[in-house]
Amino acid sequence: MHEAMETHRKELREKLATIKDERKKTIVERLSGRFEEINSAMTDRFNREADRLEDILLKIQTRRDKAFAGGSNVAAVDTAIDKATKLLADLRTAISDQAAKTYPISITTEEALRGAVGTVRKGLADDLQKVRTRIRDLHQAIRDAAKALGSIPGIENDAATSTPQ
């Protein structure tokens, strides 16, 4: 991944040689680096959020196991947990795919620089929004699993006596 970024930077510098305005060259080079930094920072943040949601899902699974051991019907909880687990796997894949993406600025003419940078910025924002949507979907699935678990009568009594806090 770092090799691809280095190659992209080298190609960008070569293409920027055709631009006469030094200020525009500096701005485009800096923006190209910022797009990489933003993508990296956001994918790190998404990974931390996925870890946090996974921990919550594990807690729900633990309470589900206690409810099952107590003789409760946990079919609805199992369905919700399965859905959340699948969404978590999909989210992890989406995050790794996003981390691998690069956002090269295609330089044709000096006049087209603004449009090219805007297109790349919009592409980055759209891609990050797609991952955010997956996080939101996973969050909702975990909320649904927690609600299904909460609808099982008597689980609070079992959980309170078996796990001192």
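Which helix holds both Asp 126 and Lys 122, and how many residues apart are they? Select the two residues in this predicted model. Both lie in helix H4, which covers residues 113-150, and they are four residues apart, about one turn of the helix. Their side chains form a salt bridge in which the closest N and O atoms are 2.9 Å apart. Colour the pair by accessibility next. Asp 126 is partly exposed at 35% relative accessibility, and Lys 122 is also partly exposed, at 44%. Side chains of opposite charge can pair when their charged atoms come close. The structure holds nine salt bridges, and some others are visited below.

**Helices H2 and H3**

Now select residues 22-69, helix H2, and residues 75-100, helix H3. Two packed helices are described by the angle between their axes and the distance between the axes. Here the axes come within 10 Å and cross at roughly 165°. An angle over 145 degrees counts as roughly antiparallel, so H2 is roughly antiparallel to H3. The crossing of H2 past H3 is left-handed.

Show side chains where the two helices meet. On the H2 side, pick out residues including Asn 39, Phe 46, Ala 50, Leu 57, Ile 60 and Arg 64. On the H3 side, the contact residues include Asp 78, Ile 81, Leu 88, Leu 91, Ile 95 and Ala 99. Sorted by type, the residues of this contact are 11 nonpolar, six polar and five charged.

**Charged residues at the contact**

Stay with H2 and H3 and select Arg 64. Is Arg 64 buried or exposed? Its relative accessible area is 15%, under the 20% cut-off, so Arg 64 counts as buried.

Add Asp 78 to the selection. Its side chain meets that of Arg 64 in a salt bridge, 2.5 Å from N to O. Because Arg 64 is in helix H2 and Asp 78 in helix H3, this pair ties together parts that are 14 residues apart in sequence. Asp 78 is partly exposed, with 25% relative accessibility.

Then add Asp 65. Arg 64 forms a salt bridge with Asp 65 too, and their closest N and O atoms are 3.0 Å apart. Asp 65 is partly exposed at 44% relative accessibility.

For the last stop, clear the selection and choose Asp 51, Glu 54 and Arg 92. These residues are linked in a network of salt bridges. Asp 51 and Glu 54 are among the H2 residues of the contact, and Arg 92 is among those of H3.

How values were computed
Residues numbered from 1 in each chain as written. Predicted model: local features only at pLDDT ≥ 70, side-chain atom pairs only at ≥ 80, totals over all residues. Heavy atoms only, no water. Axes fitted to C-alpha atoms, helices over the stretch in contact; angles between N-to-C directions. Parallel < 35°, antiparallel > 145°, perpendicular 65-115°, else oblique. Left-handed = near helix turned anticlockwise from the far one by under 90°. Contact = heavy atoms within 4.5 Å. Nonpolar A, V, L, I, M, F, W, Y, C, P; charged D, E, K, R; others polar. Salt bridge = Lys/Arg side-chain N within 4 Å of Asp/Glu carboxyl O. Buried < 20%, exposed > 50% of the residue type's maximum accessible area, 1.4 Å probe, protein only.
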